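The following exercises concern a sheet, a helix and a nonpolar core. Please work through each task before reading its solution.

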Amino acid sequence: MEEEFKIFVDRLKHGEVEEIDESYEPSFLAIQEKELVFPEPVNVQGEAYIAEGDLVLRLDIDTKAVIPCRICNNPVNVDIVLEGHYHIVPLSEIKSGIYSVKDHIRETLLLETPQFAECDGMCPEREKLKHFFSNSKNEDINHPTYQPFQNLKLGETNQLDEKPLEEK
């Protein structure tokens, strides 16, 4: 277990608060994806304390991720900022008296990283590709889109067993 991720729970048992102000290299995230890169350090500020038999972490986490644009596939820098993030761990789960925040920070960052991003909020390639996107409000009457289930109604019978669909 890396020293910079450790929280010694025994030191917090008498109402003490441990201040956290660390900058971790992104290699601890162990991300080996070509479409997801964390190029900058992960900055973590906050505090750890014990309340009613639980270890409480209050963290502010920020870093940057690089993911492909959903329109043109060029790399996009995305700020990931979590403020006032709380995590509670029962002391009964911390057998050794030492808790590592490494896995929690990693999981939290991966959950907060968006699946999709777009260049500068509006990709310049969007205009060139807009005829491939459907917009139901402004659908061209001369070129309607095919909607195979538009006439399906609740209560119609299934052709195979003649029971109404809602009874299945």
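**Exercise 1.** Determine which residues Ile105 is in contact with, leaving aside its neighbours within four places in sequence.

*Solution.* In this predicted model, apply a cut-off of 4.5 Å between heavy atoms. Once the neighbours within four places in sequence are set aside, the contacts of Ile105 are Tyr24, Phe28, Val42, Val44 and Ile61.

**Exercise 2.** Describe the placement of helix α1 relative to the strands.

*Solution.* Helix α1 comprises residues 102–112. The helix lies across β2, β3, β4 (54–68) and β5. Relative to β5, α1 runs at about 135°.

**Exercise 3.** Establish the strand order of the sheet, and explain why β2 and β5 each have one side without a neighbour in the sheet.

*Solution.* First, the order is β2-β3-β4-β5, an open sheet of four strands with antiparallel pairing. Next, β2 (18–24) and β5 (75–90) are at the edges and have a single partner strand each, so one side of each lacks a neighbour in the sheet. From one strand to the next, the twist averages 20°.

Then consider the pairing of β2 with β3 (residues 42–51): the two run antiparallel and are joined by seven bridges. Within this pairing, Ile20 stands opposite Gly46 in β3.

**Exercise 4.** Characterise the largest nonpolar core and identify which element gives the most to it.

*Solution.* The core has 34 residues, and Leu55 and Ile105 are those with the most contacts inside it. Elements giving two or more residues are β2, β3, β4, β5 and α1. The largest contribution, six residues, comes from β4. In soluble globular proteins, nonpolar side chains tend to be buried together.

Terms used
Residues numbered from 1 in each chain as written. Predicted model: local features only at pLDDT ≥ 70, side-chain atom pairs only at ≥ 80, totals over all residues. Heavy atoms only, no water. Pairing = 2+ DSSP bridges. Axes fitted to C-alpha atoms, helices over the stretch in contact; angles between N-to-C directions. Core = buried A, V, L, I, M, F, W, Y, C linked by side-chain atoms within 4.5 Å. Buried < 20%, exposed > 50% of the residue type's maximum accessible area, 1.4 Å probe, protein only.
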